[in-house]
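Please find my notes on this entry below. They follow the order in which I went through the coordinates.

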Amino acid sequence: MRLLTMRRPIFQVAAAIATAAAPPTLCRVAIRPTNPVSSQLTANLLAQGRRHASVKAQGAYKKKSKRGIPKKLGAKRTGDQYVVPGNILYKQRGTLWWPGENCIMGRDHTIHAMATGYVKYYRDPARHPDRKYIGVVFDKSDTLPYPRHAERKRRLGMTTHPIRTPVEQPAMSPSGIPYEVTRLQNGEKDRLLRLRDDYSYREDNWRIGRLVQTTGLRKTRFRTRKQYLRHRRWRREREIAGQRKAAEERKALGASAGSSKTPVSKKAAKKAKKAKRQ
C-alpha cells in the first residue's frame, strides 16, 4: 500500500502523457492546447515522488586530517659532516644504504656511526656491484673505499694530539739554588730531591710511594664491600661447620667414657633443680 501511495504521482503523469499522445478518434474528451500552467503542474507532480534525506547520516561529521604521523626517514648527516659514536646517519625502511667503514646497522635498518670522524657516501664494486655504502673516516681528506690490502686505520677510541717536546730545565735557579739534589745515606738507595715553590727539597710523590717496597711491610689487598660481605659469610659458615664437628667429636668421646654429662648453663641447672623439688 505504501509503495502504491509513493508512486501515485508518477502514475498520474504517465496517464496524462498517454492521453496527450493518443489519436483524437480514440480520445473522448477534446484535448486542449498545452499552456505554461499545465507544464508547471506536471513538474510539480514529478517532484512529489522524490524523497529527501530526513535523518543525518551517522558517521564522521568532521573531516579527518589526511596528514598522518611522519616517519622522519632519510639522511640525518650529510657528506663530510663530523659525527661521534652513536649518531644516526640514515633512517630507512629496507636496505637502500648499507653500513660501510666504521658503521653499523640496527634492527630497523638505521645506520649508526661507530667512531668519531667524518661521513662518506660511496660505492664499493669489490664488495657488491649495486650496493651503496655509508662510512666514517678519521681524516676528512680520505676517500672511500680504501685500496685493497691497504693498512687498516684504527683510532682505538683515542684522539690525536701533537707530542710536545719537554722544556729543558736548567740545573740552577736564577737565585743560584740547584733544582735537584741527591740524598746519600749509608745502607739506602740514593734519593733524588727536587726544589719546591717554598724553597724546600722534597722527593716526588710517586717515588715516596715506592719506598713501601723497601720496608718489607705486608700490604692488605683492597676488597670491595661486596667482596668483604661474601668473605664474612664464608668465614661464618666455616666456623659453624667447625663447631658442629667439635660437638660431634665430644659426643663420641663422652659415649665411650660413659660418665660424661651434657653441659648445661647455670640458669638451666637451677630450673631443673627447682622442678625436682616440686
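1. How many of the 12 residues of α6 are buried? The count is 0, and α6 is hardly covered. Please keep in mind here, and in every point that follows, that the model is predicted.

2. The geometry of α6 can be checked by its length. Helix α6 covers residues 266-277, and its 12 residues should span 16 Å at 1.5 Å a residue. The C-alpha atoms at its ends are 17 Å apart, so the expected span and the model agree.

3. For the chain as a whole, 6 helices and 11 strands are assigned. Of its 278 residues, 14% count as buried. The accessible surface comes to about 25400 Å², and carbon and sulfur atoms account for 55% of that surface. As for contacts between residues at least 6 apart in sequence, 34% of them join residues at least 24 apart.

4. One sheet deserves a description. This sheet is open, has 4 strands in the order β2-β7-β8-β4, and shows mixed pairing. Its edge strands are β2 and β4 (98-99), each of which pairs on one side only. Strands of a sheet pair through backbone hydrogen bonds, in either the parallel or the antiparallel sense.

5. Two of the pairings in this sheet can be followed residue by residue. Strand β2 (residues 82-83) is antiparallel to β7 (residues 117-123), with 2 bridges between them. Within this pairing, Y82 of β2 lies opposite Y118 in β7. On to the next strand in the order, β7 and β8 (residues 132-137) run antiparallel and are joined by 6 bridges. Here Y122 has Y133 in β8 as its bridge partner.

6. Is D204 buried or exposed? D204 sits in the loop between β11 (201-202) and α3 (205-210). Its relative accessibility is 12%, and D204 counts as buried because the cut-off for that class is under 20%.

7. Which residues does D204 touch, leaving aside its neighbours within four places in sequence? The contacts are with R194 and R196. With R194, the side chain of D204 makes a polar contact of 3.0 Å. With R196, the side-chain polar contact of D204 is 3.2 Å. For anyone inspecting this loop, D204 therefore combines a buried classification at 12% relative accessibility with side-chain polar contacts to R194 and R196.

Key: Residues numbered from 1 in each chain as written. Predicted model: local features only at pLDDT ≥ 70, side-chain atom pairs only at ≥ 80, totals over all residues. Heavy atoms only, no water. Expected span 1.5 Å × (residues − 1). Buried < 20%, exposed > 50% of the residue type's maximum accessible area, 1.4 Å probe, protein only. Pairing = 2+ DSSP bridges. Contact = heavy atoms within 4.5 Å. Areas by Shrake-Rupley, 256 points an atom, 1.4 Å probe, with all protein chains shown as cover. Polar contact = N/O pair within 3.5 Å; in protein donor to acceptor, adjacent residues only side chain to side chain.
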